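Colleague: Please take a close look at one helix of this model, starting where the chain enters it. Then move on to the salt bridges.

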Amino acid sequence: MENGDYAAAFAIIEPLADGGDPDAISYLASFYDEGIVVDKDHAKAFNLYKQAAELGNVRAQFNLGLSYYAGLGTDINYELAFKWLLKTAEQGFVPAYDVVGTMYSKGLGVEKNIQEKIKWYQLAVEGGSGEVGYVLASMYYYGTDVPKDLPLAVTYFSKAANLNNPDAQYSMALLYAKGEGVELNNQESMRLLNLAAEQQLVEAQYYLGEVYRVGQVVKKDPTVSCDWFQLAAEQGHAEAQVKVAYCFFLGAGKTLNYEEAAHYFLLAAEQGHSTAQYLLGIMYGSGLGLPIDYVEAKKWLSLSAAKGNTKAKEKLASMK
C-alpha cells in the first residue's frame, strides 16, 4: 500500500480478512469504501467496518461511526454514530475528537452540551488539529456559545496558526496589524499573511494586494500588489477582479492591456459588482478592449444604474 501497489495489497489483505483478522477486515472495508482496486460499495464497506469494529479495531469503529453519521452504506443514525465515535475518542483516537465535539455542539445523537464540545475541541487542538483550533478561537473571539474572551481567542488562533491553518494565520495577522489582543507587530503580520496567502487563502491574497497598493506597512509596489490581486481574482474574489482589471486598464503594475482589463471587469460584473458593470458598459460603448456593442453597453450600464451607480445613470441618459 505504501508503494501504491494496491492490487498486490488487496491480494494479501483479502484472505487475511476472510480469516477474521480485524486489521485486515478494516483495511478491506476501506478498499470498498474508497473504490480502490474494486468497485465502490458503501454497503459492503459498512458491513466490514461493523465486523472489524465489533472485533475491537479502533479505526473501523471510527469509520463505522462516520458511516452512521453520513448514511454511507446504511441509514443515518446519529445515536449509533455517537456511540461508536465516542468509543473511539475515549480510546485516544484523535480524528474522533472534533466529530464528537461537533455532535455535542449540535445535539446530534446526544444532548447538546457546550462544555463537552469545548473539552473535545481542546483535545483535538492538542492532538494537532489546526482547523478545530481556528473554530475554537472564533468561538471565543465572537462569543459564540461562550462568553467573549480575547486572550483565549488569541491563544487558540496562535496555536492553530502554528499548526499551519491558513484561516488562523490570517486572523492572527489582522490582530497583529491592529494590535488587538497582542502588541502591534507589522513584521509578524506580514509573515503570517504570506503564509496564509501561499496556502491559497483568498482573503490573505487580497489583503496583501492592498498592503502593497497602499504602501503604509511596506514599500509601495504596484507590480507585487497586482500579482496578489490577480491570484485572488483567479479564485473568484470580485473586488480583486476589479483591482487587477484596473492594473491592466491603467497600465500600473501590469502592462497596459484593455482586453485583459475587460476580462476581469466581466468576471466581477457577472458577480454583480456595480463599478465593474459600469466600466464594462463604457468599454463596450467605446470599443476599448472589446468590439463596440451598444446593446451590451446599455445592458451593463443598466445593471449598474439599478444598483444606484450615478455615473452609469448619467451615461445611460446621454446615450438616449
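Modeller: At the start of α10, a side-chain oxygen of N165 comes to within 3.2 Å of the backbone nitrogen of D167. That is a polar contact (a pair of N or O atoms within 3.5 Å; within protein, one must be able to donate a hydrogen and the other to accept it, and residues adjacent in sequence count only if both atoms are side-chain atoms). The model is predicted: local features need pLDDT of at least 70, side-chain atom pairs count only at pLDDT 80 or more, and totals for chains, interfaces and linings use all residues. Residues are numbered from 1 along each chain as its sequence is written, and side-chain values use heavy atoms, with hydrogens and water left out.

Helix α10 covers residues 166-178, 13 residues. Helices here are DSSP runs (H or I, at least four residues), numbered from the N terminus. The expected span is 1.5 Å times one less than the number of residues. For α10 that gives 18 Å, and the end C-alpha atoms are 18 Å apart, so the two agree. Just after the helix, G179 takes a positive phi of about 70°.

Next, the packing. The buried residues of α10 (under 20% relative accessible area, 1.4 Å probe, protein chains only; exposed is over 50%, partly exposed in between) include Y170, M172, L175 and Y176. P166, A168, Q169, S171 and A173 are also among them. The buried residues pack against α8 (130-142), α9 (150-162), α11 (186-198) and α12 (202-214), contact being heavy atoms within 4.5 Å.

Now α12 itself. Its R213 and E210 form a salt bridge, 2.9 Å from N to O (a side-chain nitrogen of Lys or Arg within 4 Å of a carboxyl oxygen of Asp or Glu). The two are about one helical turn apart, because they sit three residues apart in α12. R213 is partly exposed, at 40% relative accessibility. E210 counts as buried, at 19%.

E210 has another salt bridge, with K243, the closest N and O atoms being 2.8 Å apart. This pair links distant parts of the chain: E210 is in α12, K243 in α14 (residues 238-250), 33 residues apart. K243 is buried, at 16%. E210, R213 and K243 are thus linked in a network of salt bridges.

Elsewhere, E296 and K299 pair at 3.4 Å, N to O. They are three residues apart in helix α17 (residues 294-306), so about one helical turn separates them. K299 is partly exposed, at 38%. The count comes to nine salt bridges.
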